[in-house]
Structures are given as C-alpha cells and as structure tokens.
Amino acid sequence: MRMTTSIKIFLPFVMLCSWGFNLYAQDQKVTLNQDSKFEQLLSEKRKINTSLTVNDSYKIQIYNGGSANAKKTLSDFKQNFSNTDATIVFNTPNYKVWVGNFRTRIEAEHALIDIKKKYSNVLLIKPSK
C-alpha cells in the first residue's frame with residue numbers, strides 16, 4: 001500500500017520531467033518591415049522638437065483644480081480671449097489652465113493685466129521642460 005502511494009506521486013513527476021526535454025524555445029529571428037516614409041517622418045519630428053523652446057516662453061496660469069472646472073474655465077477663456085492660446089495641463093492631482101505663449105516677460109505682464117480683470121487667481125509662470 002505504501003509502495004503504490006509513492007509510485008502515484010513519483011510517476012507524474014517523472015512524466016513531467018521527460019516532457020520538459022521535448023520542449024523547444026522560439027527562434028531568435030525577427031524581421032521588421034516598415035515603410036520608408038516612417039524614417040522621413042521621424043527625422044522631421046526630431047527637427048521640429050529641437051526647434052521648440054519651451055523654456056524661453058512665459059505663460060499665465062488662470063486655474064488650478066479639478067477636471068470639470070478646468071474644462072469650464074478653458075471654454076470660458078476661449079470665448080473671452082479668442083486671440084490667445086490656452087491649454088489644460090495635468091500635474092497630479094490637479095488640472096491647470098495655462099494661457100498664452102509669450103516670448104518676453106513684458107509681453108506676459110501686459111496680458112496679465114487684462115486677464116486679471118476677468119480671473120482673480122492668476123500666476124505668471126515660466127514652465128520648464
């Protein structure tokens with residue numbers, strides 16, 4: 001009785017080990033087929049990214065808080081100041097509404113005066129990359 005119990009345990013173990021010798025891994029051959037225009041697009045994107053200078057521009061933050069209010073503030077701003085760019089930026093856990101893309105601080109301060117008339121909590125910022 002004792003012998004049959006040990007054989008019942010040992011036999012599946014031996015069978016598993018023998019099946020392991022018959023397994024094979026995949027070959028290491030990988031073939032990549034990509035369109036020739038992909039490399040052209042990638043090089044163009046690299047050129048554009050190097051020409052963008054985020055650190056050289058000033059922005060005005062008009063809102064900091066939840067998502068729904070950020071969207072509402074953005075649409076309200078676009079109605080009142082249609083000639084100024086605006087975007088929502090997410091920094092955990094808050095959504096921020098940044099407006100403008102001013103090259104100099106003086107430009108940003110002039111716009112800040114007009115924006116302060118409509119929005120009370122505004123900040124002049126210089127975002128980093």
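Is Tyr95 buried, partly exposed or exposed, and what is its relative accessible area? Tyr95 is partly exposed, at 27%. The points below set that residue in its surroundings. The model is predicted.

1. **Overall layout.** The chain holds four helices and four strands. Their order along the sequence is α-α-β-α-β-β-α-β. Of the 129 residues, 22% are buried. The chain exposes about 10,900 Å², and 57% of that area comes from carbon and sulfur atoms.

2. **Contact range.** Take the contacts between residues at least 6 apart in sequence. Of these, 66% join residues at least 24 apart.

3. **The S2–S3 hairpin.** Strand S2 covers residues 86-91 and strand S3 covers residues 94-102. The two run antiparallel and are joined by six bridges. Two residues lie between them in the hairpin. One bridge pairs Val89 with Lys96 of S3.

4. **Aromatic pairs.** The whole structure contains three aromatic pairs. One of them is Phe77 with Tyr119, a tilted pair with 6.1 Å between centres and 45° between planes. This pair links distant parts of the chain, since its residues are 42 apart. Phe77 sits in helix H3 (residues 67-80). Tyr119 sits in the loop between helix H4 (105-118) and strand S4 (123-125). Phe77 has a relative accessible area of 0% and is therefore buried. Tyr119 also counts as buried, because its 10% falls under the 20% cut-off.

5. **The Phe90–Tyr95 pair.** Phe90 and Tyr95 form another tilted pair, 4.7 Å centre to centre and 45° between the planes. Phe90 is at 45% relative accessibility, so it counts as partly exposed. Tyr95, at 27%, is partly exposed as well.

6. **Aromatic cluster.** Which residues do ring pairs link into a cluster? They are Phe77, Phe81 and Tyr119.

7. **Nonpolar core.** The largest nonpolar core has 18 residues. Ile60, Ile62, Phe77, Val99 and Ile115 touch the most other members. Strand S1 (58-65), H3, S3 and H4 each supply at least two residues of this core. As background, nonpolar side chains tend to be buried together in soluble globular proteins. Phe77 thus appears both in this core and in the aromatic cluster.

8. **Ile60 in detail.** Which residues does Ile60 contact, leaving aside neighbours within four places in sequence? One run of partners is Val97, Trp98, Val99 and Phe102. Ala108, Ala111, Leu112 and Ile115 are also in contact with Ile60. Val122, Leu123 and Leu124 complete the list. Val99 and Ile115, both among these partners, are themselves named with Ile60 as core residues that touch the most other members.

9. **A buried serine.** Ser57 is found in the loop between helix H2 (36-51) and S1. Its relative accessible area is 6%, so Ser57 is buried. A polar contact of 3.1 Å joins the side chains of Ser57 and Asn101. Beyond its neighbours within four places in sequence, Ser57 is in contact with Asn101, Phe102, Lys126 and Pro127. Phe102 is also a contact of Ile60.

Methods:
Residues are numbered from 1 along each chain as its sequence is written. This is a predicted model: local features need pLDDT of at least 70, side-chain atom pairs count only at pLDDT 80 or more; totals for chains, interfaces and linings use all residues. Side-chain values use heavy atoms; hydrogens and water are left out. Rings of Phe, Tyr and Trp (its six-membered ring) pair if their centres lie within 6.5 Å; planes under 30 degrees apart count as stacked, over 60 as edge-to-face and the rest as tilted. Buried means under 20% relative accessible area, exposed over 50%, partly exposed in between (1.4 Å probe, protein chains only). Contact means heavy atoms within 4.5 Å. Accessible areas come from the Shrake-Rupley method with a 1.4 Å probe; for residues, only the protein chains shown count as cover. Two strands pair if DSSP finds at least two bridges between them. A nonpolar core is a set of buried Ala, Val, Leu, Ile, Met, Phe, Trp, Tyr and Cys residues joined through side-chain atoms within 4.5 Å. A polar contact is a pair of N or O atoms within 3.5 Å; within protein, one must be able to donate a hydrogen and the other to accept it, and residues adjacent in sequence count only if both atoms are side-chain atoms.
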